[in-house]
Amino acid sequence: MSTQTDTLIASTALSRPKLKPATTEPAWIKWTLVGTALLFLSLFLVLPLAVVLYGAFEQGLKVWWQAVVDPDALAAIRLTLLVLVIVVPVNAIFGVAIAWAIAKFDFRGKTLLISLIDMPFAISPVVVGLIFVILFGSQGWLGPWLAEHDLKVIFAVPGIVIVIMFGTLPFVARELIPLMQQQGKEEEEASLTLGASGWKTFWRVTLPNIKWGLIYGVVLCNARAMGEFGAVAIVSGRIRGETNTMPLHIEVLYNEYMFTAAFAVSSLLTGLALVTIVLKSWVEYKDERRHKTA
């Protein structure tokens with residue numbers, strides 16, 4: 001009986017069609033593509049990063065530290081962090097609100113609203129800066145009113161916050177809208193039917209379902225806010241020690257041939273970017289694990 005069973009299993013295994021690989025290209029094509037990708041990344045990602053770090057520490061840690069603790073550099077670092085503290089939470093709240101409205105409700109003008117959210121992606125940052133100068137500048141539409149009330153937007157911190165907020169506006173919303181549309185609204189409707197309030201439904205149902213997408217959008221928003229240059233260069237006035245963010249301060253140092261100091265501050269900005277990448281990878285890993293266990 002055992003011999004007959006073994007024979008039957010063997011014949012069945014032989015009769016099964018062999019699984020074909022997903023691709024039929026030769027191995028050399030695969031390795032050529034992999035090698036090309038690695039070469040591209042090495043030239044345009046790893047090599048520039050190595051140049052920045054080498055230039056920052058070429059003359060030793062003491063010179064690097066002196067460049068970092070320079071009063072103008074510290075002012076640029078503080079301003080950059082201040083902008084992040086303001087912009088990222090505001091855009092996170094806006095992104096959740098607008099994604100909830102678009103994904104959970106039907107209303108007239110919904111398509112137009114989605115298009116408006118994408119507008120910062122389509123407009124050049126320099127044009128964004130010029131737009132706000134026309135609005136809030138001393139000769140702009142709102143300039144006289146602001147001057148009468150002793151309010152300064154252009155060439156001051158509020159202008160920097162506004163243009164960076166405009167440029168980073170879509171990131172959280174764009175991460176959450178497709179996620180919330182895919183999840184549907186059945187769970188929220190069930191929660192409301194069982195007597196939960198709107199806020200309780202949001203905190204207990206909606207937020208746990210979108211938390212990884214929200215974190216991912218916040219990380220992207222933070223990364224873009226740190227590196228914003230064009231719009232900030234227009235509205236800040238580039239006042240050294242007052243309205244220069246880290247990217248603007250790096251440009252000033254480089255234009256003054258202070259290359260080591262420029263690379264030193266660049267290494268800080270690069271470090272913040274690497275932390276952002278690590279957070280992004282961690283969020284992607286956690287989200288992938290969540291999908292596998294779901």
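This passage describes the internal cavities, the nonpolar cores, the surroundings of one leucine and the aromatic pairs of a predicted model.

A search of the whole structure identifies two cavities of 30 Å³ or more. The largest cavity encloses about 50 Å³ of space, and its lining is made up of Pro 120, Ile 123, Ser 124, Pro 125, Val 128, Val 163, Phe 166, Gly 167, Arg 224, Glu 228 and Ala 231. Two helices, α7 (125–136) and α9 (157–168), each contribute at least two residues to this lining, and it is α9 that gives the most, with three residues. In character, the lining of the largest cavity comprises seven nonpolar, two polar and two charged residues.

The second largest cavity holds about 40 Å³ of space and is lined by Thr 80, Val 83, Ile 164, Ala 225, Met 226, Glu 228, Thr 245 and Pro 247. Here the helices that each supply at least two lining residues are α4 (71–104) and α12 (198–227). Five of the residues around the second largest cavity are nonpolar, two are polar and one is charged. Glu 228 appears in the lining of the largest cavity and also in that of the second largest cavity.

Several of these lining residues recur in the description of the nonpolar interior. The largest nonpolar core contains 36 residues, of which Val 83, Ile 160, Val 163 and Ile 164 touch the most other members. At least two residues of this core come from each of α3 (61–68), α4, α7, α9, α12, α13 (230–236), α14 (246–255) and α15, with α4 giving the most, namely seven residues. Apart from this core lies another, of 18 residues, which includes Ile 117, Val 172, Leu 176 and Cys 221. In soluble globular proteins, nonpolar side chains tend to be buried together. For Ile 164, when neighbours within four places in sequence are left aside, the contacts are with Val 83, Val 87, Ala 225, Glu 228 and Val 232; among these contacts, Val 83, Ala 225 and Glu 228 also line the second largest cavity, as does Ile 164 itself.

Helix α15, which spans residues 259–293, contains Leu 268. This leucine is classed as partly exposed because its relative accessible area is 25%, a value that falls between the limits of 20% for buried and 50% for exposed residues. Beyond residues up to four places away in sequence, Leu 268 touches Trp 64, Val 68, Ile 77 and Met 246. Leu 268 and Ala 56, although 212 residues apart in sequence, have a C-alpha to C-alpha separation of 9.5 Å.

The aromatic residues form 12 pairs in total. In the pair of Trp 199 and Phe 202, the ring centres are 6.3 Å apart and the planes stand at 90°, so the arrangement is edge-to-face, the angle lying over the 60 degrees required for that class. Because Trp 199 and Phe 202 are three residues apart in helix α12, about one helical turn separates them. The two partners are nevertheless assigned to separate accessibility classes: Trp 199 is exposed, with a relative accessible area of 63%, whereas Phe 202, at 9% relative accessibility, counts as buried. Both residues belong to one aromatic cluster, which is formed by Trp 100, Trp 199, Phe 202 and Trp 203.

Definitions and conventions: Residues numbered from 1 in each chain as written. Predicted model: local features only at pLDDT ≥ 70, side-chain atom pairs only at ≥ 80, totals over all residues. Heavy atoms only, no water. 1 Å grid on protein atoms, 1.4 Å probe; cavity = no way out; pocket = protein on both sides within 12 Å on 5 of 7 lines; lining within 4 Å. Points joined across faces, edges and corners; volume = space filled by probe spheres on them. Helix = DSSP H or I, 4+ residues; strand = E, 2+ residues; numbered from the N terminus. Nonpolar A, V, L, I, M, F, W, Y, C, P; charged D, E, K, R; others polar. Buried < 20%, exposed > 50% of the residue type's maximum accessible area, 1.4 Å probe, protein only. Contact = heavy atoms within 4.5 Å. Core = buried A, V, L, I, M, F, W, Y, C linked by side-chain atoms within 4.5 Å. Phe/Tyr/Trp six-rings, centres within 6.5 Å; stacked < 30°, edge-to-face > 60°.
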